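Visitor: Could you take me on a close look at the nonpolar core of this one? I'd like to start from a single residue and work outwards.

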Amino acid sequence: MTATLPAAERTAAAASRTMSAAGWGTVRTVLRVHRAALVLWGLLVAALTGGAVWITELTERAVRAEQASCERAGHDLCDIAVGWVGYDGPITWIGMSTGGVSVAVAAFAGGALIGRELDGGTARLAWTQGVTPTRWLTAKLAVPALAVTLGVTVLVLVFRWAWAVDRPPIYADWWSLEAYAARGPVAVAHALCALAVGTLAGLLLRRSLPALGVSVAAMLGLTTLLTSYRDSLWPTVTVTSATEIPSFPENSWEVESGTLAGGRPATGLDASVCDRPDVSLERCWDDLGVTGHYVRFHPESHYWPLQLVESGIVLAVAALATTAAFLLLRRRTATSGG
């Protein structure tokens with residue numbers, strides 16, 4: 001017994017070193033195979049970051065000065081002709097690019113990361129070289145997940161900085177499509193979800209082009225769905241008034257407004273017919289049965305609750321897609337003997 005114990009320990013240590021070497025070897029293989037995509041991703045992050053810094057540090061002051069000169073000269077549309085073209089347009093494009101990264105990640109994951117290797121047989125070859133399918137998929141997901149998380153986090157932080165520097169001439173609101181995702185964790189969550197969804201699509205279809213198309217369509221569908229119901233992810237604030245259309249704080253996201261009849265929102269009632277100079281406003285409202293007005297809105301303080309709830313939903317979808325991908329791979333490799 002005493003003679004065999006050291007041998008068993010040596011065997012276990014050797015097996016552990018072999019598994020560790022195989023794991024690092026798989027990671028190196030992923031880095032080597034997809035180095036072009038990783039370099040391209042790094043260049044994209046650098047370009048968007050550099051663009052935001054350039055515009056904010058070097059362009060913003062010149063745009064403000066030119067816009068002030070335009071207004072002093074009495075010209076019309078100075079905001080559009082100068083502010084939007086010189087500053088808001090480029091910085092908004094950077095924000096939309098940051099928020100839309102998930103579509104590119106989904107295309108890469110479905111088409112190149114998984115679909116192409118299953119389509120060409122590269123994955124099955126790796127499985128015959130001492131790399132288990134589970135370890136192969138883990139490495140395939142871990143490397144791009146780290147790159148995507150770091151890259152999108154940098155883009156979000158830079159865009160938040162560019163957005164907040166002395167409130168530059170940006171005309172998009174905090175809830176707008178141009179800025180909402182790019183200023184918070186929603187962008188990172190969507191990118192990671194795209195990676196998981198693309199991976200699942202690649203495993204399901206096992207062909208690069210169909211997997212690419214399905215991955216992009218799935219992420220566009222998810223993004224569109226969440227955007228449509230984003231205002232419902234956190235309770236709104238409602239203000240009412242019996243005599244006038246109520247006001248609400250500046251920089252708030254107005255979700256809905258209308259008239260009240262009997263203390264409830266009056267659907268189908270158009271109170272705008274009373275907005276005529278020849279009509280008594282109060283009497284017209286009484287004739288229509290209007291008892292007040294209401295506005296539902298999200299104040300700017302709801303930005304982070306909305307961001308965190310949406311991020312949680314998207315990450316839950318990512319976790320489900322990742323789990324489904326591993327289960328599918330295990331089932332297929334078990335039945336095929338791979």
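**Inside the core**

Guide: Let's start with L137. Skip its neighbours within four places in sequence, and L137 is in contact with I114, T199, L203, A325, F326 and L329. Bear in mind as we go that this is a predicted model.

Now zoom out a step. The largest nonpolar core has 50 residues, and L137 is one of the three that touch the most other members, along with V152 and L203. You've met L203 already, since it's on the contact list of L137.

Who supplies this core? The elements giving two or more residues are α2, α3 (78-99), α4, α6, α7 (186-205), α8 (208-228) and α10 (303-336). The top contributor is α6, which puts in 12 residues. There's also another core lying apart from this one, made of eight residues, with A181, L233, W253 and Y303 among them.

While we're in here, have a look for empty space. The structure has one cavity of 30 Å³ or more, and the space in the largest cavity comes to about 40 Å³. Its lining is made up of V30, H34, A37, L38, F108, L113, V143 and P144. Some of the element names will sound familiar: α2 (35-72), α4 (101-120) and α6 (133-164) are the ones that each give two or more residues to that lining. By character, the lining splits into seven nonpolar residues, one polar and no charged.

Let's finish by following W253 of the smaller core over to the sheet. Strand β2 covers residues 253-261, and seven bridges join it to β4 (residues 292-298), with the two running antiparallel. To see the pairing by eye, find T259, whose bridge partner in β4 is H293, then L260, which is partnered in β4 by G292. On β2's other pairing, two bridges link it to β3 (residues 264-265), again antiparallel, and there A261 stands opposite R264.

Put together, that's an open sheet of four strands in the order β1-β4-β2-β3, with antiparallel pairing. The edges are β1 (237-241) and β3, each with a single partner strand, so one side of each is left without a neighbour in the sheet. If you're tracing side chains along a strand, remember that in a regular strand they alternate between the two faces of the sheet.

Terms used: Residues numbered from 1 in each chain as written. Predicted model: local features only at pLDDT ≥ 70, side-chain atom pairs only at ≥ 80, totals over all residues. Heavy atoms only, no water. 1 Å grid on protein atoms, 1.4 Å probe; cavity = no way out; pocket = protein on both sides within 12 Å on 5 of 7 lines; lining within 4 Å. Points joined across faces, edges and corners; volume = space filled by probe spheres on them. Nonpolar A, V, L, I, M, F, W, Y, C, P; charged D, E, K, R; others polar. Pairing = 2+ DSSP bridges. Core = buried A, V, L, I, M, F, W, Y, C linked by side-chain atoms within 4.5 Å. Buried < 20%, exposed > 50% of the residue type's maximum accessible area, 1.4 Å probe, protein only. Contact = heavy atoms within 4.5 Å.
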